[in-house]
Each structure stands twice: as C-alpha cells, then as structure tokens.
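Reader: Please give a close look at one part of this model, the largest pocket. I should also like to see how the rest of the chain is arranged around that account.

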Amino acid sequence: MAQAVKLHPDCERLMALEGVSVINAINLYVLDDLHFNNGREASACVGVTPIQHSTGGKAKLGSIGRHVKQVMLRSQLISGAMAVVSALSKRLPKTTK
C-alpha cells in the first residue's frame, strides 16, 4: 500500500496531513473521484457534518449522523484526529515568525 501511495502525488499530499495514514490517504483519494462541488459535500459523504433540518428559512443543525456509506473511512479519520488531539498536549508549541 505504501508503494501505491508513492505513485500518486495526491496521496502523498494527503499523508502530509496529521492523522492521515496510508489507508486513509488511499480511501480519500478514491473518494475524490466522486467529484464533489465543495468540501461540505465531501464531508457529508464521509459523515462528519451535522444533520441539517431547515424549514421556513430557519436552519437547525442536529447531531453528527452515523448512518453513512463510508463507515470505515469515517471511523479511521476520527481515530486519526483523536490521536492528533491527544498528542497536542505533549507537543511543544510552534513559534511563528
């Protein structure tokens, strides 16, 4: 799998993100072939956006939906994000110039 990531520069750029492993990079690369119009559509497909109920011009955001097609990808992305968040407390702050 690591060799497959090296063949695609998009996968290498995805792996530069913290919390994205080889499997996540490949799955996100394949997901990108669906050609979403914006990031919200892609994140809704993965299932990391809140459910929206809107009537009469009032938009109400609910909880994050769990019934999505990309269950494994969602689970892996959340696990990677949680690993990054837990590592932040142990890391020295970055200085900006």
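Author: From the N terminus onward, the chain runs in the order α-α-α-α-β-β-α, so called from DSSP runs (helices are H or I, at least four residues; strands are E, at least two). This gives 5 helices and 2 strands. The model is predicted, so local features need pLDDT of at least 70 and side-chain atom pairs pLDDT 80 or more, whereas totals for chains, interfaces and linings use all residues. Residues are numbered from 1 along each chain as its sequence is written, and side-chain values use heavy atoms, without hydrogens or water.

The largest pocket has a volume of about 370 Å³. A pocket here is an open set of points on a 1 Å grid where a 1.4 Å probe fits, with protein on both sides within 12 Å along at least five of seven lines; its volume is the space filled by probe spheres set on the points. Its lining comprises 20 residues, and Leu14, Leu17, Val20, Leu28 and Leu77 are the closest to its centre. Lining residues have an atom within 4 Å of a point. Helices α2, α3 (22-32), α4 and α5 (71-88) each contribute at least two residues to this lining. By class, the lining holds 12 nonpolar, 4 polar and 4 charged residues, with Asp, Glu, Lys and Arg counted as charged.

Two of the helices named for the lining, α2 and α3, can be followed further. Helix α2 spans residues 9-15, and in it Asp10 and Arg13 are 3 residues apart, which means a separation of about one helical turn. Their side chains form a salt bridge, with 3.3 Å from N to O; the term requires a side-chain nitrogen of Lys or Arg within 4 Å of a carboxyl oxygen of Asp or Glu. Side chains of opposite charge can pair when their charged atoms come close. The whole structure has 1 salt bridge. Of its two partners, Asp10 is partly exposed at a relative accessible area of 31%, while Arg13 is exposed at 61% (buried is under 20%, exposed over 50%, partly exposed in between, with a 1.4 Å probe).

Helix α3 contains Val22, which is partly exposed at 23%. Its C-alpha atom lies 7.0 Å from that of Val5, although the two are 17 residues apart along the chain.

On the surface, Val48, Ile78 and Met82 make a nonpolar patch of about 250 Å²; patch members have over 30% relative accessible area and no salt bridge, and nonpolar side chains are joined within 5 Å. Val48 sits in the loop between α4 (39-46) and β1 (50-55) and is partly exposed, with a relative accessible area of 35%. Val48 and Ile78 are 30 residues apart in sequence, yet their C-alpha atoms are 8.7 Å apart in space. Over the whole chain of 97 residues, 16% count as buried.

Conventions: Patches are made of residues with over 30% relative accessible area and no salt bridge: like charges are joined within 9 Å, nonpolar side chains (Val, Leu, Ile, Met, Phe, Trp, Tyr) within 5 Å. Accessible areas come from the Shrake-Rupley method with a 1.4 Å probe; for residues, only the protein chains shown count as cover.
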